[in-house]
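Grab a coffee and open your viewer: here are some exercises, each with a worked solution. Try each task yourself before reading on.

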Amino acid sequence: MYPLHQYVRGFLFLVGATSLWGISGTVAKYLFNQQVDPFHLVTVRLTLSFLILFAYLAFAKPDLLRVKKSDLRYLTILGLGIAMVQFSYFYTISQTNVATAVFLQYLAPGMMVAYAFAFQGERVGGAKLAALLLTLGGGYLILVGVPGGGFAVNTRGFISGIVSALSLAFYTIYGKIGLSGLNPWTLLVYGFGFGALGANLLTPPWVTLVGHSANEWGFFLYIAVFATVIPFGLYFKGLKDLSTVITGLTSTLEPVVAAAVAFLVLGERMYPLQLLGCGMILSGVVFIQCLPRAGAVKVTKTQKSPI
């Protein structure tokens, strides 16, 4: 039997990550209302996150900055995946609305289930399928539960939303591979670094870093620390303890947190269907947590990194 404490620890890491991401949605919405370009936000976010995490590790844990040359290709691809999920998500918001973007992105758990079944030999029984349907159905109700709301998506927004879901599924599955041989913080600092490099090549820093107020820079710093470095660290730590499928299903708590924060901070109403959707997501997440054998990952000392 897998150790229960490992399962609980991984679950708590993921709850912390999704909660911080859910709260950050309100901050991002404020910045967009101030006419901050979504692509500029992603570039600044990745760059600041890399600089902050690199400085901390260089001072406190320099050993975590040392990697083999053979790992650099893997880390580059992971970094591009992290950058892609952020670019595609924010671009979807710019083309649609936040609810539609979140719903499209959280098609990712279904993709993870399909991948795990087809390529990893993971059993996908009735419990996992039920949890998946509950979380997907809950996300749909959060989306369409606003009177007069629903899908507000054009072709480009729909395509970028699907790319966002694929990117989220990719870096979760691909990140799991690296965790067998590398520390989560090592993955992140190089992932942010290569992601930031790619972002700055697309949008030069002399374009992204100018014209922002001191107030906006304060929010940029908040997003870098509390919406990127800390939650991504918690996410990868949780992923190390849990399977990709359970990680994906648990991460669907993010829209529930985002809706609750929007209600408390922005005064946005929660309609009956949206409340039902939140309840379905919570039920799906709680349901899958009752099956620790399905979600825990057995780690042995002889396990080797495949990268």
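**Exercise 1: the overall layout**

Work out which elements the chain runs through from the N terminus on.

*Solution.* Start at the N terminus of this predicted model and walk along: the elements read α-α-α-α-α-α-α-α-α-α-α-α-α-α. The tally is 14 helices and 0 strands. Next, look at burial: of the 307 residues in the chain, 49% are buried. Finally, look at how the contacts span the sequence. Taking contacts between residues at least 6 apart in sequence, 90% of them join residues at least 24 apart.

**Exercise 2: the surroundings of T92**

Find where T92 sits, decide whether T92 is buried or exposed, and list polar partners of its side chain.

*Solution.* Step one is the location: T92 belongs to helix 3, which covers residues 69-95. Step two is accessibility. The cut-off for buried is under 20% relative accessible area, and T92 comes in at 0%, so T92 is buried. Step three is the polar partners. A polar atom of the T92 side chain is 2.6 Å from the backbone oxygen of S88. The T92 side chain also makes a polar contact with the side chain of S160, at 2.7 Å.

**Exercise 3: helix 3 against helix 7**

Describe how helix 3 and helix 7 pack: what are the angle and the axis distance, and what is the handedness?

*Solution.* A pair of packed helices is described by the angle between the axes and the distance between them. For helix 3 and helix 7 (residues 155-178), the angle is about 150° and the axes are 8 Å apart. Because an angle over 145 degrees counts as roughly antiparallel, helix 3 is roughly antiparallel to helix 7. The crossing of these two, helix 3 and helix 7, is left-handed. As for who takes part, the contact residues of helix 3 with helix 7 split into 14 nonpolar, 11 polar and 1 charged.

**Exercise 4: helix 2 against helix 3**

Do the job again for helix 2 and helix 3, and name the residues that meet.

*Solution.* Geometry comes up front: helix 2 and helix 3 pack at an angle of about 150°, with 9 Å between their axes. That makes helix 2 roughly antiparallel to helix 3. The handedness here is right-handed for the crossing of helix 2 and helix 3. Now the residues. Helix 2 brings P38, F39, L41, V42, T43, R45 and L46, and these meet I82, A83, Q86, F87, F90, Y91 and S94 of helix 3. Sorted by type, the contact of helix 2 with helix 3 has 10 nonpolar residues, 3 polar and 1 charged.

**Exercise 5: helix 1 against helix 10**

Which way do helix 1 and helix 10 run relative to each other, and how is their contact made up?

*Solution.* The axes of helix 1 and helix 10 (residues 214-241) come within 8 Å, crossing at roughly 160°. Helix 1 and helix 10 are therefore roughly antiparallel. Helix 1 passes helix 10 in a left-handed crossing. The residues in the contact of helix 1 with helix 10 divide into 21 nonpolar, 6 polar and 4 charged.

**Exercise 6: an odd phi in a loop**

Find what is notable about the phi of Q35, and say where Q35 lies.

*Solution.* Begin with the background: most residues other than glycine have a negative phi. Q35 isn't glycine, yet its phi is positive, near 70°. In the chain, Q35 is found in the loop between helix 1 (4-33) and helix 2 (38-60). With a relative accessibility of 68%, Q35 counts as exposed.

**Exercise 7: long jumps in sequence**

For F11, K128 and A260, give the helix, the exposure class and a partner far along the chain.

*Solution.* Take them in sequence order.

- F11 lies in helix 1 and, at 22% relative accessibility, is partly exposed. Its C-alpha is 8.1 Å from that of T247, 236 residues away along the chain.
- K128 is in helix 6 (residues 126-144) and, at 6% relative accessibility, counts as buried. K128 and V285 are 157 residues apart in sequence, with 10.0 Å from C-alpha to C-alpha.
- A260 lies in helix 12 (residues 253-266) and is partly exposed, at 37% relative accessible area. Its partner G22 is 238 residues away in sequence and 8.8 Å away in space, C-alpha to C-alpha.

Note on methods:
Residues numbered from 1 in each chain as written. Predicted model: local features only at pLDDT ≥ 70, side-chain atom pairs only at ≥ 80, totals over all residues. Heavy atoms only, no water. Helix = DSSP H or I, 4+ residues; strand = E, 2+ residues; numbered from the N terminus. Buried < 20%, exposed > 50% of the residue type's maximum accessible area, 1.4 Å probe, protein only. Polar contact = N/O pair within 3.5 Å; in protein donor to acceptor, adjacent residues only side chain to side chain. Axes fitted to C-alpha atoms, helices over the stretch in contact; angles between N-to-C directions. Parallel < 35°, antiparallel > 145°, perpendicular 65-115°, else oblique. Left-handed = near helix turned anticlockwise from the far one by under 90°. Nonpolar A, V, L, I, M, F, W, Y, C, P; charged D, E, K, R; others polar. Contact = heavy atoms within 4.5 Å.
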